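Hi,

Here is the structure I promised to pass on. Have a look at it first, and then read my notes below.

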Amino acid sequence: MTRGAIVTGGIRGLGAAISRAPLSEGCQVVAVYHGNDAAARGFEAATAIPIRKWDVANFDVCKV
């Protein structure tokens with residue numbers, strides 16, 4: 001079974017480093033961001049880590 005990680009704030013700074021770390025362990029990673037579309041596209045292009053724009057502080061959009 002493949003392990004996975006969802007990293008909130010995962011496209012810049014410490015979050016970007018945390019997004020990259022599980023890749024070396026063979027995990028699937030998705031980086032979540034809130035606002036900077038250009039930085040997110042650049043991160044995705046540089047790392048091939050999929051990105052998702054998602055406001056995790058918004059309770060309504062986080063309901064399952």
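**What I found**

Let's start with how the pieces connect: strand 2, helix 2 and strand 3 form a β-α-β unit that is right-handed. Keep in mind that this is a predicted model. A right-handed β-α-β unit also comes from strand 1, helix 1 (residues 13-20) and strand 2.

**The sheet**

What order do the three strands take in the open sheet? The order is 1-2-3, and the pairing is parallel. Strand 1 (4-8) and strand 3 (51-53) are the edge strands, each pairing on one side only. From one strand to the next, the twist averages 25 degrees.

Now for the pairings themselves. Strand 1 and strand 2 (residues 28-33) run parallel and are joined by five bridges. If you want to find this spot on screen, look for I6, whose bridge partner in strand 2 is V30. You can also pick out T8, which stands opposite V32 in strand 2.

On the other side of the pairing list, strand 2 and strand 3 run parallel too, with three bridges joining them. Here Y33 has K53 in strand 3 as its bridge partner. Remember K53, as that residue comes up again below.

**The helix over the strands**

Which strands does helix 2 lie across? Helix 2 (residues 37-47) lies across strand 2 and strand 3, and runs at about 165 degrees to strand 3.

**The salt bridges**

Side chains of opposite charge can pair when their charged atoms come close. How many salt bridges does the structure hold? There are two.

One of them is between K53 and D37, with the closest N and O atoms 3.2 Å apart. K53 sits in strand 3 and D37 in helix 2, so this pair ties together parts that are 16 residues apart in sequence. D37 itself is partly exposed, and its relative accessible area is 28%. So K53 has two roles to look at: K53 is the bridge partner of Y33, and K53 forms a salt bridge with D37.

K63 and D60 form a salt bridge as well, and their closest N and O atoms are 3.6 Å apart. Are these two residues buried or exposed? K63 is exposed, and D60 is exposed as well.

When you open the model, try tracing strand 2, helix 2 and strand 3 as one right-handed unit, and then find the K53 and D37 salt bridge.

Cheers

Definitions and conventions: Residues are numbered from 1 along each chain as its sequence is written. This is a predicted model: local features need pLDDT of at least 70, side-chain atom pairs count only at pLDDT 80 or more; totals for chains, interfaces and linings use all residues. Side-chain values use heavy atoms; hydrogens and water are left out. Two strands pair if DSSP finds at least two bridges between them. Helices (H or I, at least four residues) and strands (E, at least two) are DSSP runs, numbered from the N terminus. Axes are lines fitted to C-alpha atoms, for helices over the stretch in contact, and angles run from 0 to 180 degrees between N-to-C directions. Contact means heavy atoms within 4.5 Å. A salt bridge is a side-chain nitrogen of Lys or Arg within 4 Å of a carboxyl oxygen of Asp or Glu. Buried means under 20% relative accessible area, exposed over 50%, partly exposed in between (1.4 Å probe, protein chains only). A crossover is right-handed if, with the strands pointing away from the viewer, the path from the first strand over the helix to the second runs clockwise.
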